[in-house]
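Open the model in your viewer and keep the sequence panel visible. Each stop below says what to select and what is there.

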Amino acid sequence: FPVTIQTNNLPTAVITNGTVTTLNSTTGTIPTLVATTLVTTGTGTAAAPAIVPTGDTNTGLFFPAADTIAASTSGTERLRIDSSGNVGIGTTSPTIVASNSKVLDIVGTLSGAVRFERTSSTNPTYGYVGATNGAVELIAQSNSPIVFSTNNTERLRIEEGGDVSIGTATALSKLHVHGNITLSNTTTATFIVTGK
């Protein structure tokens, strides 16, 4: 039989067969959760998530499959983590590039799918990584160069005007290489241009 808990002579909670079937959030409070506390809920859908904030029933978390969690806003799925740990944004099936790899798969209609920003009062910069017209794009904004580094050392730079420098941070021409250049293929000899 159900057990009713009251505070201040008002019904606070009703427990039926060990399950809280009714909870009055006005007169009662949920006890503090501990590491061994198990809170269960339904699976929900993107339009009606299982876990939602008060007054916003189409935004929250739901569980579309076993070992899978997803988030929706305005009734539309926005993010999913699948059972392998792959994360999808804008897709319900994150594409796996190689076995045992974990990926972040972002699908959208804009060329700049991922935006990075460095905030600074003197030199704020931001850029995008995306794909458009069959090409992968690195897009630098705010009149900033694109820099490639390895081992915490700059190796190649594309200036905001399009000049390319290798081995130096300042290009003196359209292509400026500071160091030796080796030109070779399988049918001709190797040519090495050595700078001073």
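Accessible areas come from the Shrake-Rupley method with a 1.4 Å probe, and for residues only the protein chains shown count as cover. By this method the chain has an accessible surface of about 14300 Å², and 56% of that surface belongs to carbon and sulfur atoms.

This is a predicted model: local features need pLDDT of at least 70, side-chain atom pairs count only at pLDDT 80 or more, and totals for chains, interfaces and linings use all residues. Residues are numbered from 1 along each chain as its sequence is written, and side-chain values use heavy atoms, with hydrogens and water left out.

**The whole chain**

Select everything and colour by secondary structure. The chain has 17 strands and 0 helices. Here helices (H or I, at least four residues) and strands (E, at least two) are DSSP runs, numbered from the N terminus. A residue is buried if its relative accessible area is under 20%, exposed if over 50%, and partly exposed in between (1.4 Å probe, protein chains only). Of the 196 residues, 14% count as buried. A contact means heavy atoms within 4.5 Å. Among the contacts in the chain with a separation of 6 or more, 3% are made by residues 24 or more positions apart.

**First stop: S5, S6 and S7**

Select residues 69–73, which are strand S5, and residues 76–81, which are strand S6. These two pair in the antiparallel sense over 5 bridges; two strands pair if DSSP finds at least two bridges between them. To find one bridge, pick Ala70 and look across to its partner in S6, Arg80. S5 and S6 form a hairpin with 2 residues between them, and Ser74 in the turn has a positive phi of about 50°.

Now add residues 87–89, strand S7, which pairs with S6 in the antiparallel sense over 3 bridges. Leu79 has Ile89 in S7 as its bridge partner. The hairpin of S6 and S7 has 5 residues between the strands, and among these look for Gly85, with a positive phi near 95°.

Go back to Arg80 and show its side chain. Which residue does Arg80 meet in a salt bridge? The partner is Glu77, at 2.8 Å from N to O. A salt bridge is a side-chain nitrogen of Lys or Arg within 4 Å of a carboxyl oxygen of Asp or Glu. Both Arg80 and Glu77 are buried.

Next, select Thr68, in the loop between strand S4 (60–62) and S5. Is Thr68 buried or exposed? Thr68 has a relative accessible area of 8%, so it counts as buried. Leaving aside neighbours within four places in sequence, Thr68 is in contact with Phe62, Phe63, Arg80, Ile81, Asp82 and Ser83.

**Second stop: the sheet from S12 to S15**

Move along the chain to an open sheet of 4 strands, in the order S12-S13-S14-S15, with mixed pairing. The edge strands, each pairing on one side only, are S12 (146–150) and S15 (175–177). On average, neighbouring strands of this sheet are turned by 20° against each other, direction ignored. For that angle, axes are lines fitted to C-alpha atoms, for helices over the stretch in contact, and angles run from 0 to 180 degrees between N-to-C directions.

Select S14 (residues 164–166) together with S15: they run parallel and are joined by 3 bridges. In one of these, Val164 has Leu175 as its partner.

Then select the loop between S12 and S13, where Asn151 is found. Most residues other than glycine have a negative phi. Asn151, although not a glycine, has a positive phi of about 50°. Asn152 lies in this loop too, and its phi is positive at about 60°. Asn151 is exposed at 69% relative accessible area, and Asn152 is exposed at 82%.

**Last stop: two more salt bridges**

The count of salt bridges comes to 3. Show Arg157 and Glu154, whose closest N and O atoms are 2.8 Å apart. Arg157 is buried at 17% relative accessibility, whereas Glu154 is partly exposed at 28%.

Finally, show Asp163 and Lys174, which meet at 3.4 Å from N to O. Asp163 lies in the loop between S13 (153–158) and S14, and Lys174 in the loop between S14 and S15, so the pair ties together parts that are 11 residues apart in sequence. Asp163 is partly exposed at 24%, and Lys174 is exposed at 55%.
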